[in-house]
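Biologist: I should like to understand the terms used for this model. Would you explain what stands behind each of them?

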Amino acid sequence: MGGGGGEETKLPRVDFSGVDPAAPGTGRWAEVHAEVMDAVTTAGVFEAHYPQLTPELRASLFRDAVQPLFSLPVETKRRNTYGPGKPFHGYMGGLSGLDSYESLAIVDGLKPAPVHAFAELMWPGAANDSFCELVHGAAKQIGDLEGMVRRMILEGLGVENHHEKMSESTWHLFRMAEYKAPNSEEKVTGYIAHQDTNMLSIVCENGVNGNEMRTRDGEWVLVKPSPTSLIVNVGNTLRAWTNDRVHAPFHRIMVSGNATRYTAMLFSVPNFMIQAPDELVDENHPARFKPHDNDDFIRFCVSEEGARHEDKLKAFCGI
Ligand SMILES: O=C(O)CCC(=O)C(=O)O
Ligand SMILES: [Fe+2]
């Protein structure tokens with residue numbers, strides 16, 4: 001495999017069927033937990049087999065909610081904004097060099113009211129119950145997975161005592177993206193290579209692949225999740241909070257062919273200062289990052305200065 005990449009590979013695959021978010025530690029939890037720890041400390045990404053998000057709901061989410069949303073006029077989609085100075089919070093499109101990419105995002109997408117408010121903004125005065133049910137239903141299922149994975153990671157690092165407090169001050173961004181089919185065999189960039197600037201990211205695809213992950217050896221590999229799988233990856237925020245115990249992989253979206261790629265994603269975002277807990281800092285693991293506000297880190301990532309650095313977290317707050 002060469003650096004030009006996009007070769008297929010198998011990511012670690014973790015089977016979450018029957019794992020109950022409401023009953024941590026029971027059933028297959030321990031076995032799944034070990035696989036999650038292995039994946040996040042090595043590749044930083046895995047495929048989660050998660051039939052709790054049913055194939056019917058997935059299909060309907062893309063067909064009846066996500067696709068109609070992207071068919072709206074761009075002026076309408078641009079109403080999806082949460083004000084200035086909040087990169088990644090709302091509509092993204094018309095980005096230089098990313099002709100095929102557009103996305104919309106709901107802040108606090110796990111809660112019904114923000115989903116309703118978003119739908120009302122897109123289709124004022126229209127019936128939008130079915131859109132809301134689909135989006136909220138899918139977000140809720142994906143949110144359960146996010147909570148389980150995050151809890152397992154904290155358990156694996158021996159800091160599960162922080163989980164509840166962390167969850168209380170974590171919010172979720174639900175983003176829907178479209179990568180228009182380029183109608184060519186030539187691959188085009190749907191989204192440039194980056195590390196995520198949040199805790200955990202979970203991606204649900206519509207069956208059209210395009211997510212390429214950079215392995216620790218520097219090779220780009222195409223992720224081909226099964227139709228019942230979601231892609232879970234670690235972001236730089238969790239890497240910082242764990243004092244560098246987990247890996248935040250670079251990834252990019254490359255699209256080709258005649259099918260449009262749609263994704264629905266959930267990002268967990270902190271509302272607290274990012275500082276590794278004392279338990280994760282010792283002689284063998286000296287503090288790697290200064291305590292910081294994640295919003296400041298995000299602003300750095302999108303700044304001119306940030307653009308000059310590959311490892312933006314280290315450049316921003318590395319010790
Ligand atoms: O749409 C996707 O497949 C993932 C996009 C992504 O990596 C991101 O929005 O951070
Ligand atoms: Fe990403």
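**The sheet and its surroundings**

Modeller: The model holds an open sheet of eight strands in the order β2-β3-β11-β8-β13-β6-β5-β4, with mixed pairing. The edge strands are β2 (13–15) and β4 (92–93). This is a predicted model, in which local features need pLDDT of at least 70 and side-chain atom pairs count only at pLDDT 80 or more, while totals for chains, interfaces and linings use all residues. Residues are numbered from 1 along each chain as its sequence is written, chains are lettered from A and ligands numbered from 1 in the order in which they are written, and side-chain values use heavy atoms, leaving out hydrogens and water.

Biologist: What makes β2 and β4 edge strands?

Modeller: Each of them pairs on one side only. Strands are DSSP runs of E with at least two residues, helices are runs of H or I with at least four, and both are numbered from the N terminus. Two strands pair if DSSP finds at least two bridges between them.

Biologist: How do you know that β4 and β5 pair, and in which sense?

Modeller: There are two bridges between β4 and β5, in the antiparallel sense, and the definition asks for at least two, so the term applies. M92 stands opposite S103 in β5. On β6, the residue opposite S103 is A177, and β5 and β6 pair in the antiparallel sense over seven bridges. By contrast, β2 and β3 (residues 45–49) pair in the parallel sense over three bridges, with R13 opposite E47.

Biologist: Why is β5 called mostly covered?

Modeller: Seven of its seven residues are buried; the term means under 20% relative accessible area, with exposed meaning over 50% and partly exposed in between (1.4 Å probe, protein chains only). Y101, S103, A105 and V107 are buried on one side of β5, and E102, L104 and I106 on the other. In a regular strand the side chains alternate between the two faces of the sheet.

**Two helices**

Biologist: Why are α1 and α5 called roughly perpendicular?

Modeller: Helices α1 (residues 29–41) and α5 (residues 129–156) pack at an angle of about 80°, with their axes 9 Å apart. Axes are lines fitted to C-alpha atoms, for helices over the stretch in contact, and angles run from 0 to 180 degrees between N-to-C directions. Angles under 35 degrees count as roughly parallel, over 145 as roughly antiparallel, 65 to 115 as roughly perpendicular and the rest as oblique. The pair is therefore roughly perpendicular.

**The iron site**

Biologist: What makes H194, D196 and H251 donors of the iron ion (ligand 2)?

Modeller: Their atoms NE2, OD and NE2 lie 2.1 Å from the ion. Donors are N, O and S atoms within 2.8 Å of the metal (3.2 Å for Na, K and Ca), so these qualify; water is not among the atoms, so sites may look incomplete. H194 lies in β7 (residues 184–194) and H251 in β12 (residues 251–257), so the pair ties together parts that are 57 residues apart in sequence.

Biologist: Is H251 buried or exposed?

Modeller: H251 has a relative accessible area of 5%, and is therefore buried.

**Two loop residues**

Biologist: What makes D108 and D244 worth naming?

Modeller: Phi of D108 is near 65° and that of D244 about 75°, both positive in residues other than glycine. Most residues other than glycine have a negative phi. D108 has a relative accessible area of 23%, and is therefore partly exposed.

Notes. Contact = heavy atoms within 4.5 Å.
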